[in-house]
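Biologist: I have a predicted model on my screen and would like to understand the labels people put on it. Could you take me through a few?

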Amino acid sequence: MATWGEIARERNIRYFLVSFVDLFGTTRAKMVPASAMDDVARAGAGFAGFAAWFDMTPADPDVLVVPEVDTLIQLPWKPEVAWVTGDLSMAGKPVAQNPRQILKRVAASADAEGYELRTGVECEYFLIAPDGSAISDPADQQAKPCYDQQALMRRYDVVAEICDAMVALGWRPYQNDHEDANGQFEMNWQYDTALRTADRHVFFKYMVKSIAEKHGLRATFMPKPFAGLTGNGCHVHASLWNKAGDNVFVDAAGELGLSKTAYHFIGGVMHSAPALSAIANPTVNSYKRLNAPVTASGATWSPNTVTYAGNNRTHMIRIPDADRFELRLPDGAANPYLLPAALLAVGLDGVRNARDPGKRLDINMYTERHKAGAAKTLPLNLLDALRALEKSAVLKEAFGAPIIASYIALKTAEWNDYARHLTEWERRTTLDC
């Protein structure tokens with residue numbers, strides 16, 4: 001195998017961004033000159049774990065990133081720099097709370113049972129002004145802006161550069177569109193194994209932000225950056241495959257073409273949905289997207305209840321075709337590794353325990369919610385989601401109880417910080433009480 005130095009010389013790489021993602025989904029990196037990369041790769045690039053969102057202290061040893069060569073991506077907009085990620089170690093042991101390693105562990109458990117999760121993600125984002133105050137295109141004002149050709153083409157330079165990059169990287173992108181909110185876009189590429197999609201998801205967010213900045217704009221994946229507009233979802237299309245290369249969700253004789261395994265997997269997702277929300281919707285702002293009032297376009301496009309349907313976008317789970325389902329719960333803040341890890345864990349729990357998702361509801365959940373009977377509701381805020389996660393035996397077993405405890409502790413501190421924050425709304429409505 002070629003050394004890192006040889007790869008650098010062959011590809012004219014000057015610097016490597018040795019990167020990892022912490023528990024909050026924040027991407028961290030060190031920039032390593034090509035001349036030092038072989039030494040750094042052998043020893044690992046060192047980081048202070050406490051300086052990132054890990055449950056660590058300043059007294060802990062360095063966290064070391066050991067880069068994996070098959071993750072290497074040259075930046076399409078700056079090819080003299082290459083991005084690379086890998087697993088983490090500390091004091092000679094794997095870092096159990098590293099999100100990428102959590103996904104690997106859950107995937108290994110699935111592999112032992114003969115399964116592999118394959119996913120595709122729909123990463124919605126806004127192109128906004130550099131100061132974050134408004135969308136970047138003042139002419140983007142349609143009441144129903146979804147698929148607006150004019151607004152899409154006014155941002156052609158940004159969207160096309162991102163799509164060209166994905167084509168060059170071999171991701172097989174297949175469509176780009178203006179989404180339902182003014183200033184909002186979505187770009188889709190081919191599904192793959194959960195780990196490969198997660199690595200690409202991390203890089204996609206970095207790439208979109210970087211190319212937007214190159215054009216004097218700012219990109220945000222924030223779940224709900226504007227109160228009156230649709231929020232940023234991160235819908236996941238999921239299918240389960242066996243070692244023979246067959247999609248075990250497919251059954252031509254099954255309801256909507258899906259197998260019993262698929263419905264048990266869906267049943268597992270629905271069983272653990274409130275706890276899953278703490279991973280899929282990990283910020284205070286996430287819950288301003290879920291259960292939001294009607295937006296300017298007439299719909300939020302986000303779920304409000306734990307239900308599933310056929311090709312119906314008003315439910316938490318949609319079955320758009322006879323080979324997969326779409327989970328519409330996650331938002332743009334979801335950790336690219338923890339999200340598929342949690343989805344696989346709760347889905348496999350459904351398969352192992354033959355969980356029944358119940359009757360499919362072919363109704364409009366936005367206008368006919370009263371017909372959903374005793375269907376569970378989703379958490380109203382981050383604290384409720386964290387409480388559900390704390391009670392989840394399924395996710396504690398899959399991730400490890402100490403990791404769930406660490407995640408909850410860090411996120412509870414974030415909630416407490418938010419709860420202590422005095423808002424202008426409070427002053428406006430309470431000063432004269």
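Modeller: Gladly! Let's start with D177, which is found in strand β9, residues 173-178.

Biologist: How do you know that D177 has no salt bridge?

Modeller: A salt bridge needs a side-chain nitrogen of Lys or Arg within 4 Å of a carboxyl oxygen. For D177, the nearest side chain of opposite charge is R313, 8.9 Å away, so the 4 Å cut-off is not met. D177 is nevertheless buried. Leaving aside neighbours within four places in sequence, its contacts are Y147, L152, Q184, F185 and E186.

Biologist: What makes D22 and R28 a salt bridge, then?

Modeller: Their side chains meet at 3.0 Å, N to O, and the rule asks for within 4 Å, so the pair qualifies. By this rule the count comes to 26 salt bridges.

Biologist: Why is D22 called buried, and why is R28 called partly exposed?

Modeller: Buried means under 20% relative accessible area, and partly exposed runs from there up to 50%. D22 has 0%, so it counts as buried. R28 has 23%, so it counts as partly exposed.

Biologist: What about R100 and E68?

Modeller: That pair also meets in a salt bridge, at 3.0 Å, N to O. R100 lies in helix α3 and E68 in the loop between β4 and β5, so the pair ties together parts that are 32 residues apart in sequence. Both residues are buried. R100 and E68 also belong to a network of salt bridges with D87, K104 and D199.

Biologist: And what makes helix α7 mostly covered?

Modeller: Of its 12 residues, 9 are buried, among them Y263, F265 and M270.

Methods:
Residues are numbered from 1 along each chain as its sequence is written. This is a predicted model: local features need pLDDT of at least 70, side-chain atom pairs count only at pLDDT 80 or more; totals for chains, interfaces and linings use all residues. Side-chain values use heavy atoms; hydrogens and water are left out. Helices (H or I, at least four residues) and strands (E, at least two) are DSSP runs, numbered from the N terminus. Buried means under 20% relative accessible area, exposed over 50%, partly exposed in between (1.4 Å probe, protein chains only). Lys and Arg count as positive and Asp and Glu as negative; His and the chain ends are not counted. Contact means heavy atoms within 4.5 Å.
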